[in-house]
Amino acid sequence: MRSKLLALKEDKAQGPDDIHPAVLKSCADTVAKPLSKIFNKSLQEGTVPQDWKLATVCPIFKKGDRSDPGNYRPVSLTSVPCKVLESVIRDELSSYLEKKGFYNNCQHGFVKGRSTLTNLLETLESWTNLLEGFGIDTVYLDYRKAFDTVPHKRLLEKIRSLGLGSIISTWIGDFLHDRMKVCVHGSYSEWIDVISGVPQGSVLCWDPFCS
């Protein structure tokens, strides 16, 4: 736990609970043990503290007409202590899935030691070999708003199908429930519940669950 806190980036924003990562990092030796107890209790009960679940959605402009809401990418500002717990869960789940052979050789995103760069290098190598005397056709797919539209029920069914156990699936189910408001120019909406989409900006927003 202490190593997780010391690895926090101090230039990141705090969540709705106003606990800044710089505070947690500077007090790592003091807060590591009590946070571990809170994390264990949260996992055992399958519930997330309400202050940790809430996400403030800030729209980030991408391109096009600024008056069109579809031209903005929603980024969620969430609790930093919760992100630390998410990172612990993510590491354990990644290790479990890797041991179970969940990933295939085509998976590059969200896999340790792989990235978009390794994906591009392997693709370039394959195309180079194919171009020796032959032409090739390529098809590009872009799933529009994939993280914003994934249904929670379907997501949880997929998690359960991976054999992760009831504790983790229950915790993630509670993590997704009742947790969002929108901030525009310093003005906030009411807190709302949603039935689809995962909070972009959270640590557990990762491809194996959402694809």
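## Reading a predicted fold, feature by feature

Mentor: Let's begin with a strand pair: strand 1 (residues 55–61) and strand 2 run antiparallel and are joined by 6 bridges. Keep in mind that this is a predicted model.

Trainee: Which residue of strand 2 is the bridge partner of C58?

Mentor: That partner is V75.

Trainee: In what order do the strands of the sheet lie?

Mentor: The sheet is open, and its 4 strands follow the order 2-1-3-4 with mixed pairing. Strand 2 (72–77) and strand 4 (187–188) are the edge strands, each pairing on one side only.

Trainee: How many helices accompany the strands in the chain?

Mentor: There are 10 helices and 4 strands. Along the sequence they come as α-α-α-α-β-β-α-α-α-α-α-β-β-α.

Trainee: How do I check the length of a helix, say helix 6?

Mentor: The general idea is to multiply 1.5 Å by one less than the number of residues. Helix 6 (residues 116–130) has 15 residues, so a span of 21 Å is expected, and its end C-alpha atoms are indeed 21 Å apart. Look at its start too: a side-chain oxygen of S115 comes to within 3.2 Å of the backbone nitrogen of L117.

Trainee: Now the interior. Which residues have the most contacts inside the largest nonpolar core?

Mentor: They are L5, W52, I89, W171 and I172, in a core of 31 residues. Helix 3 (28–45), helix 5 (80–99), helix 8 (152–161) and helix 9 are the elements that give two or more residues to this core. Helix 5 gives the most, with 7 residues.

Trainee: And how many aromatic pairs are there?

Mentor: The count is 4 aromatic pairs. In one of them, W171 and F175, the ring centres are 5.5 Å apart and the planes meet at 15°, so this pair is stacked. The cut-off behind that reading is that planes under 30 degrees apart count as stacked.

Trainee: Where do W171 and F175 sit in the chain?

Mentor: Both belong to helix 9 (residues 166–176); because they are 4 residues apart, about one helical turn separates them.

Trainee: Are these two buried or exposed?

Mentor: Buried means under 20% relative accessible area. W171 has 0% relative accessibility, so W171 is buried, and F175, at 2%, is buried as well. Of the chain's 211 residues, 33% count as buried.

Trainee: What lies over the face of F61?

Mentor: That is R66, placed 3.9 Å from the ring centre.

Notes: Residues numbered from 1 in each chain as written. Predicted model: local features only at pLDDT ≥ 70, side-chain atom pairs only at ≥ 80, totals over all residues. Heavy atoms only, no water. Phe/Tyr/Trp six-rings, centres within 6.5 Å; stacked < 30°, edge-to-face > 60°. Buried < 20%, exposed > 50% of the residue type's maximum accessible area, 1.4 Å probe, protein only. Lys NZ or Arg CZ within 6 Å of the ring centre and 35° of its normal. Polar contact = N/O pair within 3.5 Å; in protein donor to acceptor, adjacent residues only side chain to side chain. Pairing = 2+ DSSP bridges. Core = buried A, V, L, I, M, F, W, Y, C linked by side-chain atoms within 4.5 Å.
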